[in-house]
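Hello,

Here is the structure for you to look over. My notes follow below it.

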Amino acid sequence: MNSLKAGSISRNLVLLVVAAVLPALVILLYSGVEHRRLSIDSAQQDVLLLTRSMAESQKDMTGAARQILSTLSLLPAIREGNMEMSEKILEAVFEQNPDFQNITLTDPQGRVLISGGAYTPANLSDRKHFQEALAEERFAAGEYIITRVGDNRPAFAFAHPVMDRDGQPWAVLTAAVSLSRFAHFHEASNLPDRSFLAITDHQGIRLFFYPPMPETNPVGRPIISHSWETARGAEEPAVFFGQGSDGMHRIFAVKPVRLVADEKPYIYLWASIPESHVLGPANAVMLRNLLLLVLATAISIAVACFLGRKNLVGPITGLVNLTRRFADGQLDARLTSAGTQMPTEIATLTRAFHDMASKLEASGQVLRENEARFRLLMNSLDALVYVADMETYEILFINETGKQIFGDITGKLCWQSLQKNQQGPCDFCTNQYLLDENGQPAGIYHWEMENTLTGQWFDIRDRAIKWVDGRVVRLEVATDITSRKQAENRLAEETQRLEVTLKSIGDGVISTNTESRVTLINQAAESITGWSSQEAVGLPLSEVFTLVEEGSGEPCQNPVERVLATGGIVELERQAILRSRDGREINVADSAAPIKDLSGEIIGVVMVFRDITQQLRTDQELVKIKKLESIGALAGGLAHDFNNILTAIRGNIELSLLDSQLPDNTRYLLQEAVKACQRAQELTRQLLTFAKGGQPIRQAASLAEVIRDSADFVLRGSKTACRYLIPDDLWLVDIDKGQISQVVQNLILNASEAMPEGGVIEVACDNILAAETGEVALPGRGDYVKMSVKDHGVGIPANALDRIFDPYFSTKKLGSGLGLAICHSIVSKHDGRITVRSTPGSGTTFEVYLPVSTQAAADVEKPRETEAGAEKARILVMDDEEMIRQVSRAVLGRLGHQVLLAEDGDAAVRIYREAMAQEAPIDLMIMDLTIPGGKGGKETIKEILALDPAAKVVVASGYSHDPIMANYADYGFSAALAKPFDLRELTRVVNRLLG
């Protein structure tokens with residue numbers, strides 16, 4: 001019976017021990033599982049935070065590339081294909097962006113035109129970013145590539161189309177960016193061994209892997225298939241477990257990044273840590289606790305069995321001793337009574353004591369485990385956590401992360417241990433913000449600061465809490481944001497480099513927000529508008545950039561408003577005038593384009609413009625010159641034919657005047673006809689000024705002499721006089737004196753006619769250096785001499801100023817309309833420029849610019865006429881006009897010469913050859929320079945001189961200003977006759993050559 005009781009006591013004690021152990025086992029297993037879960041959650045948050053940080057950096061990099069390429073695509077030098085200027089711009093951008101491996105301008109076929117860095121001939125037509133940018137006409141991202149331009153290294157590429165003025169892509173800007181910048185995330189994050197960071201493109205090809213593992217994770221190769229399938233299906237950042245390419249079980253975090261929200265990701269950012277690093281510590285703790293529990297259970301059972309076998313020897317003493325041991329804290333003590341049986345009441349009481357001790361021990365274990373769990377959580381945070389007394393500033397607790405940074409500073413003062421060079425509590429201490437007016441906790445205070453001791457930046461959250469002893473303390477949680485601050489600083493540097501780039505651009509650039517207020521203005525825009533950057537930023541664009549229509553002066557629509565309304569690039573539809581701050585009116589050409597964020601929303605507008613005032617003036621001058629050239633071609637042909645007719649008419653009339661039997665009345669009429677021919681000859685000379693090839697025969701001369709001789713001749717006998725303002729040191733000019741004299745005479749005559757009651761014409765000359773030409777569009781870049789002719793007459797109406805140089809346009813009833821047109825043509829052929837200013841009722845001023853001569857004044861030898869007659873000779877006349885041939889025969893025959901006739905060069909060569917063969921040589925030839933449809937004088941002289949090097953040949957032409965006429969000896973001719981020539985001039989030339 002006693003044995004049964006003993007057995008019952010032992011059995012019950014064993015059951016009690018087992019029952020006591022089961023809750024502990026459950027709690028132990030639960031805490032182990034919870035520890036594993038928390039470790040996994042912490043690791044997942046770590047890798048997710050890391051991928052998000054990498055994503056933000058990638059977005060910054062993409063945004064910077066987008067901003068640079070989109071801005072470059074708007075520059076006129078790049079849009080208009082100015083390769084020299086474009087190459088300089090790309091080189092400047094490449095030098096200011098060290099992350100760029102190259103930056104190129106590529107034609108639509110993929111051929112690289114220019115490069116910002118080292119140039120390598122290459123074709124990029126097979127590149128994804130190139131194809132998408134050209135097809136979709138927007139910014140595009142690429143895939144894994146080995147760069148073909150510059151260093152052949154792995155990179156990630158972007159592209160942006162360049163539109164021409166018709167909105168069609170004519171080229172593509174590309175930039176290859178190195179991904180090595182992401183390596184610093186690995187060092188900054190303190191990842192465990194065998195962890196890595198990686199970047200893959202939209203096909204799962206590794207773009208970047210750090211630290212490098214070329215054997216198992218080579219760059220340029222696809223990642224393991226099951227990881228890529230998981231990542232490709234993730235719309236948002238995802239975390240998953242799996243086996244890596246190196247065979248290790250890992251925790252992976254992947255973050256897809258998109259250029260536009262609804263499009264597929266163009267890049268994936270990865271972070272991974274070994275699974276063993278996360279679960280190993282938790283598994284070890286749980287295994288240790290299980291072993292301890294098993295050991296404790298075994299001991300408890302042994303004690304229970306031993307007590308069960310005990311008799312009731314000293315049960316009371318045992319219980320007393322047991323209570324004393326309990327009082328001493330020995331909760332694991334048990335009552336033993338060897339050799340005796342314990343009564344049921346004592347056994348019940350003993351069990352009660354044992355139960356109490358077991359429960360106390362279990363509670364203590366739970367408390368210790370909770371404390372351990374709390375410390376584990378605090379020490380697992382990747383943030384500094386500490387608690388400080390708000391009155392004494394004593395640090396009561398600091399977690400493991402804080403100890404790694406500052407050491408174990410528990411018990412020390414916070415302002416001495418956490419900061420540098422503090423003589424007392426910090427001026428920036430947040431205690432004052434953490435309590436309300438009643439001294440109770442007031443909530444969280446959020447701030448950022450750079451630690452004075454370590455130089456790290458922290459994102460800080462402070463709050464007041466009650467400590468375990470009831471006092472109010474400050475709890476601070478500080479997260480290291482040094483990497484983010486460094487990224488922000490790099491972004492600021494990128495912004496500064498962009499501003500430097502904009503300042504170096506010759507075109508004006510202004511950017512605005514969506515409210516049309518100026519946010520940026522570069523140096524060129526400051527110069528054109530007259531507004532400084534400090535004054536313009538924040539003002540409405542309409543106040544800084546005021547556009548009006550040319551002519552009407554009506555305000556033009558704000559380009560920014562048009563961009564915001566259409567969402568696309570806009571350009572000025574017509575010529576516009578910019579009214580600058582200082583009152584200047586400037587012709588400008590501009591274009592404006594929207595600035596979009598990564599989601600495609602318009603966040604502002606950028607406008608690029610340039611001053612085209614000088615360009616428009618040059619274009620207007622070119623139009624005038626082309627108009628005169630087209631009329632000149634017609635005038636030359638008419639003058640040539642007219643001169644042939646005049647030659648025949650005048651020759652026949654002069655032959656008739658040689659008849660001594662003519663009645664006086666008939667002789668008078670014929671003499672009047674000769675005068676009419678002379679006036680017609682003067683008209684053809686004016687028309688020949690327009691003739692194609694009628695270049696002036698120039699020599700160094702004094703413009704002052706030409707001006708005085710010409711002006712005095714025109715004004716002789718009139719009521720008008722000239723006042724000359726000509727310096728003694730006036731430079732020489734290379735001019736055709738006859739032509740420039742004609743210009744001076746026309747200008748003086750016009751000025752005199754503008755003052756019918758008489759007056760003074762002011763004629764002035766000045767030496768003009770190249771740097772002083774101002775806004776006058778001159779064809780050359782050297783020095784000039786300026787002549788101005790100013791009258792005080794009726795002036796020219798404003799609506800006629802643009803036409804006064806047109807042929808046959810005149811404001812005078814009796815004017816021919818050729819005077820100023822001839823002046824314009826002569827000055828243009830002298831590489832000069834003529835301009836006019838006039839105010840109706842106040843007078844007109846003409847200004848003529850002529851380039852300075854580089855030679856000394858030439859002494860012109862006057863031709864000597866040969867008055868003596870010549871011996872009778874055989875003369876061959878070649879001309880395509882029958883009447884010219886007959887008149888020449890009659891005139892020369894009257895002088896006693898034998899005359900042979902030829903209608904073209906072939907006939908002339910044949911006759912000359914036959915004459916030589918018959919030993920009756922030709923003594924003199926007179927040949928027409930131009931034979932329509934046949935061989936003229938220029939070609940024929942070569943064959944004649946080949947037959948007879950001593951041949952005497954006279955060239956005749958209605959194109960008196962042809963270069964051959966001016967330099968006849970250079971072509972083998974002996975003399976030149978300008979049609980229409982009179983009898984005396986022909987006689988003089990023939991006598992001189994035959995005398």
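**The parallel sheet**

Val877 has Leu901, in strand 31, as its bridge partner. The model is a predicted one. That pair belongs to the contact between strand 30 (residues 874-878) and strand 31, which are parallel and joined by five bridges.

The sheet around them is open and has five strands, with parallel pairing and the order 31-30-32-33-34. Strand 31 (898-902) and strand 34 (975-978) are the edges. Each has a single partner strand, so one side of each has no neighbour in the sheet. From one strand to the next the twist averages 20 degrees.

Helix 27 (residues 983-994) lies across part of this sheet. The strands it crosses are strand 30, strand 32 (924-928), strand 33 (953-957) and strand 34. Helix 27 runs at about 170 degrees to strand 34.

**Strand 15 and its partners**

Strand 15 (residues 472-480) pairs with strand 11 (residues 384-389) in the antiparallel sense, over six bridges. Val387 has Leu475 of strand 15 as its bridge partner.

Strand 15 also pairs with strand 14 (residues 457-466). These two run antiparallel and share nine bridges. Here Ile465 stands opposite Val473 of strand 15. Strand 14 and strand 15 make a hairpin, with five residues between them. Look at Gly470 in the turn: its phi is positive, about 95 degrees.

**Helix 21**

Does the length of helix 21 (residues 737-753) agree with what its residue count predicts, or disagree? It agrees: 17 residues at 1.5 Å a residue should span 24 Å, and the end C-alpha atoms are 24 Å apart.

Helix 21 is mostly covered, with 12 of its 17 residues buried. Among the buried residues are the aliphatic side chains Ile740, Val743, Val744, Leu747 and Ile748. The buried set also includes Gln739, Gln742, Asn746 and Asn750. Ser741, Ala751 and Ser752 are buried too.

**Salt bridges**

The count comes to 19 salt bridges. Three are worth going through.

Glu80 and Arg165 form one, with their closest N and O atoms 2.8 Å apart. Glu80 sits in the loop between helix 2 (76-79) and helix 3 (83-95). Arg165 sits in the loop between strand 4 (154-163) and strand 5 (169-177). The pair therefore ties together parts that are 85 residues apart in sequence. Glu80 is partly exposed, at 46% relative accessibility. Arg165 is partly exposed as well, at 47%. There is also a network here: salt bridges link Glu80, Arg165 and Arg610.

Glu847 and Arg837 form another, at 2.9 Å from N to O. Glu847 is in strand 29 (residues 843-851) and Arg837 is in strand 28 (residues 833-839), 10 residues apart. Is Glu847 buried or exposed? Glu847 is buried, because its relative accessible area of 10% is under the 20% cut-off. Arg837 counts as partly exposed, at 48% relative accessibility.

The third joins Glu882 and Arg885, at 2.3 Å from N to O. Both residues lie in helix 23 (residues 882-894), three residues apart, which is about one turn of the helix. An α-helix has 3.6 residues a turn, so residues three or four places apart point the same way. Glu882 is partly exposed, with a relative accessible area of 42%. Arg885 is buried, at 11% relative accessibility.

**Confidence**

Please keep the scores in view as you read the model. The average pLDDT of the protein is 79, and 83% of the residues score at least 70. Where is confidence lowest, and where is it highest? Confidence is lowest in helix 5 (residues 183-189), with a mean of 65. Confidence is highest in strand 27 (residues 784-790), at 92.

Two stretches have low scores. Over residues 1-7 the pLDDT stays under 50, and the model has four contacts for them beyond four places in sequence. Over residues 857-869 the pLDDT also stays under 50, and the model has 13 such contacts.

Best wishes

Definitions and conventions:
Residues numbered from 1 in each chain as written. Predicted model: local features only at pLDDT ≥ 70, side-chain atom pairs only at ≥ 80, totals over all residues. Heavy atoms only, no water. Pairing = 2+ DSSP bridges. Helix = DSSP H or I, 4+ residues; strand = E, 2+ residues; numbered from the N terminus. Expected span 1.5 Å × (residues − 1). Buried < 20%, exposed > 50% of the residue type's maximum accessible area, 1.4 Å probe, protein only. pLDDT = per-residue confidence, 0-100. Contact = heavy atoms within 4.5 Å. Axes fitted to C-alpha atoms, helices over the stretch in contact; angles between N-to-C directions. Salt bridge = Lys/Arg side-chain N within 4 Å of Asp/Glu carboxyl O.
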